[in-house]
Amino acid sequence: MKAIIIGAGIGGLTAAIAMRQAGIQASVYESKSEVRLNGAGLGLGPNAVKALELLGLGESLQRAGMPVKQVQILSQEGKVLSRMGGADDRNKNAGPEQVTVLRADLLGFLVDALGAGEAVHTGKTCVDFEQGEDGVTVKFEDGSTEKADLLVGADGIRSMIRGKLFPEAKPRYSGYTCWRTVVQADSALRYDRELFTETWGSRGRFGIVPLSGDRVYWFACMNAPCNDPVMKRVAIADLAQRFSGYHSPISDLLELSRQEAILHHDIEYLPPIKQFGRGRVVLIGDAAHAMTPNMAQGAGQAIEDALFLTEHICRWPDFASALKGYEGDRISRTGTITRMSGRIGRMAQLEGRLPIALRNAFLPLVPDALMQRQLDYVYKVNLERAGMLLGRSGS
């Protein structure tokens with residue numbers, strides 16, 4: 001069996017690794033001239049960590065990543081409003097802990113695991129496809145074509161493949177914009193390397209994410225109109241003024257940052273869709289379910305997609321059954337997590353003295369058991385069938 005995967009991001013590379021391990025001839029086609037090892041930091045929950053372990057990439061993640069013991073939501077004064085995770089919860093869940101990693105490092109070891117020289121074709125922009133009973137033909141901008149049994153759209157939130165399959169499914173703006181970068185911590189910076197914190201304040205949200213190698217990934221989110229020219233001109237000095245008065249070490253992190261290394265994007269998402277494919281064409285990752293980053297599950301859900309899709313292709317004798325099984329496992333789950341992430345984002349981005357005061361008073365009262373049930377839904381996913389397919393089972 002031959003599969004063509006469009007997009008050399010986290011989902012596309014992971015899908016190619018899983019398929020090749022299962023004996024499927026999978027090749028990745030990337031529009032850019034190289035696989036770009038870029039981006040800032042990201043979090044991988046226990047579900048994603050387990051999936052990478054099942055692909056034999058656990059040691060690579062250990063070397064590149066940073067274990068995080070707890071996620072905390074703080075007020076701008078530094079008061080803890082909510083805690084998620086911790087030693088007791090990890091023992092209770094009997095699973096791997098959350099790991100933070102530089103996106104470039106994650107992409108790097110995925111490329112290494114795949115052996116990109118033969119499996120990844122760069123400078124190949126997919127512009128169209130046609131499918132029939134005996135296969136799917138992919139057309140590229142350079143005039144070339146390739147034929148395969150299956151086409152996998154891993155081409156992101158503005159997926160060309162999704163646009164042709166489901167033209168009505170379009171991204172939406174979340175209402176807030178985000179700045180991100182990674183800094184090298186110096187000896188004077190005081191922060192807890194075992195905590196991932198988000199500060200929800202009156203002038204915006206600020207996240208602090210420890211990475212390996214004494215690096216720190218930070219992000220800052222503010223409510224703003226979509227594609228606002230004022231936001232495009234915001235500099236580090238403006239962010240420092242905006243977040244002045246927030247607790248330590250926020251001002252120190254901004255002082256350590258370089259303007260040329262700042263990434264700025266409006267935060268978009270894809271409202272949940274009811275189909276992930278048609279015929280011999282299927283979507284994974286952001287092409288299928290782009291979500292806001294508020295639960296740190298975008299990469300994790302793409303990695304899950306890769307394993308579940310591979311499992312169903314190998315399990316069923318026909319693509320219709322494989323697609324039905326894949327959608328059955330993925331549509332409801334990713335839709336629920338997309339909606340959960342959206343709700344968290346709306347709460348985090350509240351403005352106004354009274355709404356913020358009510359939120360800050362309410363969050364500490366939320367029972368730990370309720371928080372744990374939500375985390376269990378996200379983190380406890382049955383990957384054992386895929387693990388058995390790949391010759392590995394979870395411990």
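Modeller: First, a definition: helices (H or I, at least four residues) and strands (E, at least two) are DSSP runs, numbered from the N terminus. This is a predicted model, where local features need pLDDT of at least 70, side-chain atom pairs count only at pLDDT 80 or more, and totals for chains, interfaces and linings use all residues. Residues are numbered from 1 along each chain as its sequence is written, and side-chain values use heavy atoms, with hydrogens and water left out.

Colleague: How many cavities of 30 Å³ or more turn up in the whole structure?

Modeller: A cavity is a set of points on a 1 Å grid over the protein atoms alone where a 1.4 Å probe fits but cannot get out. Points are joined across faces, edges and corners, and the volume is the space filled by probe spheres set on them. With the cut at 30 Å³ or more, the search gives three.

Colleague: Which helix gives the largest share of the lining of the largest cavity?

Modeller: That cavity holds about 60 Å³, and lining residues have an atom within 4 Å of a point. Strand S19 (281-283), helix H12 (298-315) and helix H13 (319-348) each bring at least two residues. Phe319, Ala322 and Leu323 are in the lining and fall within 319-348. With three residues, the largest share belongs to H13.

Colleague: And which residue is the one polar member of that lining?

Modeller: The split is eight nonpolar, one polar and no charged. Ala, Val, Leu, Ile, Met, Phe, Trp, Tyr, Cys and Pro count as nonpolar, Asp, Glu, Lys and Arg as charged, and the others, Gly among them, as polar. Therefore the polar one is Gly279.

Colleague: Which strand gives the most to the lining of the second largest cavity?

Modeller: This cavity comes out at about 50 Å³, and its lining has four nonpolar, five polar and three charged residues. Among its lining residues are Cys221, Met222 and Asn223. They fit the range 215-223, and the top contributor, with three residues, is strand S16.

Colleague: Is Ile267 buried or exposed?

Modeller: Ile267 sits in strand S17 (residues 263-269), and its C-alpha is 7.4 Å from that of Gly175, 92 residues apart along the chain. Buried means under 20% relative accessible area, exposed over 50%, partly exposed in between (1.4 Å probe, protein chains only). At 12%, then, Ile267 is buried.

Colleague: What relative accessible area does Phe362 have?

Modeller: Phe362 belongs to helix H14 (residues 353-362). It counts as partly exposed because its relative accessible area is 47%.

Note on methods. On a 1 Å grid over the protein atoms alone, a cavity is a set of points where a 1.4 Å probe fits but cannot get out, and a pocket is an open set with protein on both sides within 12 Å along at least five of seven lines; lining residues have an atom within 4 Å of a point.
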